[in-house]
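Reader: I would like to go through this model with you, one question at a time. Could we begin with the terms and then turn to the details?

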Amino acid sequence: MIKKQKKIGKRNRFNLKRKRGLTGLCFISPWIVGFIAFVAYPLYKTIYMSFNNVFYGNETGWKYEWIGLDNFRRILFEDVDFVVEAQNFFMTTLLYVPVIIALSIIIAMLLNQKVKGTAFFRLLFFLPIIILNGELMKNMSEYGGMSININEAIVDVISMVVPNKTITLGIVLIFNTVVELLWYSAVPILIFLAALQKIDRSVYEASAIDGASSWSTFWKITLPNIYPLVSVVVIFIVVFLANFETNTINNIIMESKYDGSRREGYASALSILYSFLQIILISILYFITRSRKNSKEV
């Protein structure tokens with residue numbers, strides 16, 4: 001009798017476990033379908049096309065001619081346009097990411113202060129990301145609105161103050177770079193701002209009572225609390241810069257698709273190489289900026 005009850009109990013636990021498993025599968029099934037349809041299959045198709053010459057005819061449809069690694073060989077050793085732009089992107093990203101992170105932390109700390117108009121200043125930094133997306137960004141790019149150049153009248157004003165043309169051009173270059181970096185910093189600022197607001201204010205009050213300076217408070221309390229998010233910001237910045245509307249590598253890939261000497265197979269190979277470049281960049285920056293505390297725990 002006892003043996004029979006144990007057997008029934010074991011069967012009920014098994015049924016409950018299977019029921020929970022099926023429930024979880026039902027919840028996650030939309031994601032699985034979406035992943036297969038919009039990630040796995042397009043990724044497989046891109047890899048397959050990169051090893052082929054791809055042709056399309058109204059009567060024949062899509063035709064594939066296997067050429068092995070020829071597309072990759074052409075990109076890396078014959079056509080220099082992608083290689084040059086990839087080198088520029090690699091170096092620019094390595095230089096920009098630390099500056100954007102430092103700038104974002106500083107601005108987030110300023111926006112976290114209790115002063116009048118805080119909401120307005122927060123909106124000011126995040127508004128460009130909200131409104132300048134999609135078609136509006138595309139139209140601005142087509143009509144030259146994305147070329148961040150200072151107005152000639154402002155250049156003339158600077159020239160009146162600073163007659164030296166080289167210095168004037170240097171000021172203009174710095175201005176353009178700062179504007180560009182502020183543009184890229186909007187989301188990182190929001191991430192760091194959210195992290196700063198999670199820090200318990202009583203910790204700051206206790207440090208102030210103990211006589212800690214602002215410098216010490218930043219290095220001992222603020223930075224350790226927001227540092228785990230640096231890795232997240234690194235991934236975001238690299239992906240954001242790689243897919244930005246004005247990125248010339250994206251234009252090369254799109255133009256290659258319609259170029260009769262390149263076509264979709266060549267463009268697919270470009271996309272794969274570009275993805276590898278982003279993965280390498282993220283890996284390098286992640287290794288440099290990873291949390292030391294977590295690495296020691298591991």
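Author: The expected span of a helix is 1.5 Å times one less than its number of residues, and helices (H or I, at least four residues) and strands (E, at least two) are DSSP runs numbered from the N terminus. The model is a predicted one, in which local features need pLDDT of at least 70 and side-chain atom pairs count only at pLDDT 80 or more, while totals for chains, interfaces and linings use all residues. Residues are numbered from 1 along each chain as its sequence is written, and side-chain values use heavy atoms, with hydrogens and water left out.

Reader: How many helices and strands does the protein chain have?

Author: Counting the DSSP runs as just defined, the protein chain has two strands, and its helices number 14.

Reader: What share of the contacts in the protein chain with a separation of 6 or more comes from residues 24 or more positions apart?

Author: Contact here means heavy atoms within 4.5 Å. Among the contacts in the protein chain with a separation of 6 or more, the share that comes from residues 24 or more positions apart is 69%.

Reader: What span does helix α11 reach from its first C-alpha to its last?

Author: Helix α11 covers residues 230–242, which is 13 residues. The span expected at 1.5 Å a residue is 18 Å, and the helix comes close to it, reaching 18 Å.

Reader: Why do the buried residues of α11 lie on the same side of the helix, and what arc do they cover?

Author: Buried means under 20% relative accessible area, exposed over 50%, and partly exposed in between (1.4 Å probe, protein chains only). In α11 the buried residues are Val230, Ser231, Val233, Val234, Ile237, Val238, Leu241 and Ala242. An α-helix has 3.6 residues a turn, so residues three or four places apart point the same way. Those buried residues are on the same side of α11 because, by the directions from the helix axis to the C-beta atoms, they cover an arc of only 160°.

Reader: Which elements are included in what covers the buried residues of α11?

Author: The cover is made through contacts, in the sense given above. It includes α3, α7 (165–184), α8 (186–198), α10 (214–226), α12 (248–258) and α13 (263–289).

Reader: Which residues have the most contacts inside the largest nonpolar core?

Author: A nonpolar core is a set of buried Ala, Val, Leu, Ile, Met, Phe, Trp, Tyr and Cys residues joined through side-chain atoms within 4.5 Å. The largest one has 49 residues, and the elements that give two or more residues to this core are α2, α3, α7, α8, α10, α11, α12 and α13. Inside it, the residues with the most contacts are Phe82, Phe89, Ile101, Phe192, Ile226 and Tyr274.

Reader: Which residues does Phe192 touch, not counting residues up to four places away in sequence?

Author: With those sequence neighbours set aside, Phe192 touches Ser104, Ala108, Leu229, Val230 and Val233, and its list also includes Ile101, Ile105 and Ile226.

Reader: How far apart in sequence are the parts that the pair of Tyr96 and Tyr184 ties together?

Author: Rings of Phe, Tyr and Trp (its six-membered ring) pair if their centres lie within 6.5 Å, and planes under 30 degrees apart count as stacked, over 60 as edge-to-face and the rest as tilted. By this rule there are 14 aromatic pairs, one of which is the tilted pair of Tyr96 and Tyr184, at 6.3 Å centre to centre and 45° between the planes. Because Tyr96 lies in helix α3 and Tyr184 in helix α7, the pair ties together parts whose separation in sequence is 88 residues.

Reader: Is Tyr184 buried or exposed?

Author: Its ring partner Tyr96 has a relative accessible area of 17% and is buried. The relative accessibility of Tyr184 is 7%, so Tyr184 counts as buried.

Reader: Which residue shares a polar contact of 2.8 Å with Tyr204?

Author: A polar contact is a pair of N or O atoms within 3.5 Å; within protein, one must be able to donate a hydrogen and the other to accept it, and residues adjacent in sequence count only if both atoms are side-chain atoms. Tyr204 lies in helix α9 (residues 201–209) and, leaving out residues up to four places away in sequence, touches Ile199, Thr217, Ile221 and Thr222. The side chain joined to that of Tyr204 by the 2.8 Å polar contact is the one of Thr222.

Reader: Which residue does the side chain of Asp79 join through a polar contact of 2.7 Å?

Author: Asp79 is placed in the loop between α2 (70–78) and α3 (80–111), and among the residues it touches is Arg262. The 2.7 Å polar contact joins the side chain of Asp79 to that of Tyr266.
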